[in-house]
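Reader: Could you go through this one with me, piece by piece? I'd like to start with a single residue and work outwards.

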Amino acid sequence: MALGLFISIFVATIFEMMSIGMIIPIVSAIFNPSSIEKFKFLILSENLIDDFFFGNIVFYLLFIIFIVYVIKSLYLFFHNYLLSKYIK
């Protein structure tokens, strides 16, 4: 049980770091649209980024952040449930 709890804490930490780390690129893209050019390596095709206009890219990035936060919240709920079972 302790090993499972340790793994759960490790995964929760990864989710927390990922969710905090996603905020800075989004804020940068909103306030400075030319900063998206720096992240072309994340897109599979360079033509794909040229086909999207700025509004679509920001919308998709915000949607991805929303999904990550929902998954993180569900996982942390499960993590806290395991933690409360371990403490009892």
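Author: Let us start with T13, which has a relative accessibility of 37% and therefore counts as partly exposed, since that class lies between the 20% limit for buried and the 50% limit for exposed. This is a predicted model, so that value, like the others here, is computed from predicted coordinates.

Reader: Which helix is T13 found in?

Author: T13 belongs to helix α1. In space its C-alpha lies 9.8 Å from that of L76, although T13 and L76 are 63 residues apart in sequence.

Reader: And what about α1 itself, what span should its residues have, and how far apart are its end C-alpha atoms?

Author: With 20 residues at 1.5 Å a residue, α1 should span 28 Å, and the distance between its end C-alpha atoms is 29 Å, which agrees with that expectation.

Reader: Which residues of α1 are buried?

Author: They are L5, S8, A12, F15 and S19. These residues cover an arc of only 80° around the axis, which means that they sit on the same side of α1. On the other side of the helix, L3, F6, F10 and M17 are exposed.

Reader: Switching to rings, how many aromatic pairs does the count come to?

Author: The count comes to 2 aromatic pairs. In one of them, F15 and Y75 have ring centres 5.5 Å apart and planes at 45°, so this pair is tilted, as the angle is neither under 30 degrees nor over 60. F15 lies in helix α1, residues 2-21, and Y75 in helix α4, residues 54-87, so the pair ties together parts that are 60 residues apart in sequence.

Reader: Are F15 and Y75 buried or exposed?

Author: Both F15 and Y75 are buried. For Y75 the relative accessibility is 19%, and Y75 counts as buried because the limit is under 20%.

Reader: What does Y75 form with F78?

Author: Y75 and F78 form an aromatic pair that is also tilted, with 6.3 Å from centre to centre and 55° between the planes. Both residues lie in helix α4, 3 residues apart, which is about one turn of the helix. F78 has a relative accessible area of 42% and is partly exposed. Through these ring pairs, F15, Y75 and F78 are linked into a cluster.

Reader: Changing topic, where is the place of I23?

Author: I23 is in helix α2, residues 23-31, and with a relative accessibility of 38% it counts as partly exposed. Its C-alpha is 8.0 Å from that of I65, while the two residues are 42 apart in sequence.

Reader: How many helices and strands are there in the protein?

Author: The protein has 4 helices and 0 strands, and read along the sequence it follows the pattern α-α-α-α. Of its 88 residues, 22% count as buried. Among contacts between residues at least 6 apart in sequence, 70% join residues at least 24 apart. The accessible surface comes to about 6800 Å², and 76% of that belongs to carbon and sulfur atoms.

Reader: Before I use any of this, which element has the lowest mean pLDDT, and which the highest?

Author: Helix α3, residues 46-51, has the lowest mean pLDDT of the elements, at 55, and α1 has the highest, at 86. The protein averages 78, and 76% of the residues score at least 70. Where pLDDT is low, the predicted coordinates should not be read in detail.

How values were computed: Residues are numbered from 1 along each chain as its sequence is written. This is a predicted model: local features need pLDDT of at least 70, side-chain atom pairs count only at pLDDT 80 or more; totals for chains, interfaces and linings use all residues. Side-chain values use heavy atoms; hydrogens and water are left out. Rings of Phe, Tyr and Trp (its six-membered ring) pair if their centres lie within 6.5 Å; planes under 30 degrees apart count as stacked, over 60 as edge-to-face and the rest as tilted. Helices (H or I, at least four residues) and strands (E, at least two) are DSSP runs, numbered from the N terminus. Buried means under 20% relative accessible area, exposed over 50%, partly exposed in between (1.4 Å probe, protein chains only). pLDDT is the predictor's confidence in each residue, from 0 to 100. The expected span of a helix is 1.5 Å times one less than its number of residues. The arc is that of the directions from the helix axis to the C-beta atoms. Contact means heavy atoms within 4.5 Å. Accessible areas come from the Shrake-Rupley method with a 1.4 Å probe; for residues, only the protein chains shown count as cover.
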